[in-house]
Amino acid sequence: MTSTISRRPLLAGNWKMHGSTAEARAWARAAAGAAADNRNEVALFPPAPFLQLVLAEVDGAVSVGGQSCHTNTKGAFTGATSAAMLADLGCTYVLCGHSERRHIFGESDEFVAGAAAQAATHGLTPVLCVGEKIEEREAEDTQSVLSRQLTAALDVLPPAPHPLVIAYEPVWAIGTGKAATAEDAQAAHAFLRELVARRDPERAAGLRILYGGSVKPDNVAGYLACPDIDGALVGGASLDPAAFAEIATA
Ligand code: PGA
């Protein structure tokens with residue numbers, strides 16, 4: 001699908017459960033440097049204990065988000081973070097349904113949708129992560145998995161102009177060094193955009209869809225050259241400030 005709406009590329013680093021206060025400060029400073037005079041938007045997803053430090057360090061030069069949020073605003077949910085808390089800190093984004101949350105922590109499509117709705121309620125932009133496992137791809141179930149994961153969220157999210165970002169992250173490509181080819185990623189992104197377009201063509205045209213899964217300095221340009229790929233969600237390479245700066249300025 002072609003569009004006349006320009007979509008500013010978003011290059012985001014997901015630190016997962018890595019870092020110390022000293023590293024978080026150094027990585028944030030490097031990302032802020034990479035964000036200066038950059039046509040791309042740069043974002044960081046630090047572990048929750050470092051959010052405040054990173055927000056202070058980047059001072060608005062980089063967008064900051066949480067790695068997950070709960071489906072409730074508050075309550076007896078030990079260990080969880082609410083979207084309201086992330087918004088209160090000054091976050092812009094929150095990852096919803098990252099594959100590690102789905103497959104290690106057991107978050108269901110319904111939970112992820114509820115978390116994304118919470119994010120929207122509190123003025124955060126949900127970064128809805130979707131992606132198929134290797135056995136699903138081999139069984140040619142990729143489209144049905146993506147459709148199921150996306151539809152669950154679209155059914156409960158407020159309509160445009162409420163902001164939304166989607167991240168396509170095939171599970172088999174995350175942290176494995178086996179990145180999807182740009183062609184395969186583009187096909188999945190076009191499919192996701194088409195699903196959104198069936199409900200709201202205008203939202204689909206402006207929607208940023210990020211690719212994630214073993215993105216490195218030497219493959220990021222290939223993704224960004226694809227018409228439906230609007231940025232990247234970067235795990236491992238975001239822990240190397242030089243590599244992340246190269247990706248962020250691609
Ligand atoms: P990776 O992780 O870049 O290390 O593959 C991506 C992600 O999990 O967001």
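What follows is a conversation between a colleague and a modeller about the terms used for this structure.

Colleague: What kind of model is this, and how are residues numbered?

Modeller: This is a predicted model, in which local features need pLDDT of at least 70 and side-chain atom pairs count only at pLDDT 80 or more, while totals for chains, interfaces and linings use all residues. Residues are numbered from 1 along each chain as its sequence is written, and side-chain values use heavy atoms, with hydrogens and water left out.

Colleague: Why is Gln118 called buried or exposed?

Modeller: Buried means under 20% relative accessible area, exposed over 50%, and partly exposed in between, with a 1.4 Å probe and protein chains only. Gln118 has a relative accessible area of 11%, so Gln118 is buried. Its place is in helix 5 (residues 109–121); helices (H or I, at least four residues) and strands (E, at least two) are DSSP runs, numbered from the N terminus.

Colleague: What makes the pair Gln118 and Thr73 a polar contact?

Modeller: A polar contact is a pair of N or O atoms within 3.5 Å; within protein, one must be able to donate a hydrogen and the other to accept it, and residues adjacent in sequence count only if both atoms are side-chain atoms. The side chains of Gln118 and Thr73 are joined at 3.3 Å, so the pair falls under the term. By the contact criterion (heavy atoms within 4.5 Å), Gln118 touches His70, Thr71, Asn72, Thr73 and Ala83, leaving aside residues up to four places away in sequence.

Colleague: Which accessibility class do Asp37 and Asp59 belong to, and why?

Modeller: Asp37 has a relative accessible area of 86%, so Asp37 is exposed. Asp59 stands at 66% relative accessibility and therefore counts as exposed. Asp37 sits in the loop between helix 1 (21–35) and strand 2, and Asp59 in the loop between helix 2 and strand 3. Neither is a glycine, yet phi is positive, about 50° at Asp37 and about 45° at Asp59.

Colleague: What makes a set of residues a nonpolar core, and which members touch the most others in the largest one?

Modeller: The term covers buried Ala, Val, Leu, Ile, Met, Phe, Trp, Tyr and Cys residues joined through side-chain atoms within 4.5 Å. The largest such core has 69 residues, and Leu44, Val54, Ile166 and Tyr211 touch the most other members. Helix 8 (residues 182–199) supplies the largest share of this core, eight residues. A second, separate core of 12 residues includes Ala43, Phe45, Val127 and Leu210. Val54 touches Trp15, Ala24, Ala28, Leu44, Pro46 and Val64, residues up to four places away in sequence not being counted.

Colleague: How do you know that strand 3 pairs with strand 2 and with strand 4?

Modeller: Two strands pair if DSSP finds at least two bridges between them. Strand 2 (residues 41–45) and strand 3 have two bridges and pair in the parallel sense, with Leu44 opposite Val64. Two bridges also join strand 3 (residues 63–66) to strand 4 (residues 93–96), again parallel, and Gly65 stands opposite Tyr93. Both counts meet the minimum, so both are pairings.

Colleague: Why are the crossovers at strand 3 called right-handed?

Modeller: A crossover is right-handed if, with the strands pointing away from the viewer, the path from the first strand over the helix to the second runs clockwise. The β-α-β crossover from strand 3 through helix 3 (residues 83–89) to strand 4 is right-handed, and so is the one from strand 2 through helix 2 (residues 51–58) to strand 3.

Colleague: Which strands close the barrel, and how does strand 8 fit in?

Modeller: Eight strands close into a barrel in the order 1-2-3-4-5-6-7-8, with parallel pairing. The twist from one strand to the next averages 25°, where axes are lines fitted to C-alpha atoms, for helices over the stretch in contact, and angles run from 0 to 180 degrees between N-to-C directions. Four bridges join strand 1 (residues 10–14) to strand 8, and two join strand 7 (residues 208–212) to strand 8. Ala232 in strand 8 stands opposite Leu11 and opposite Tyr211.

Colleague: What makes both faces of strand 8 count as covered?

Modeller: In strand 8 (residues 231–234), Gly231 and Leu233 on one side and Ala232 and Val234 on the other are all buried.
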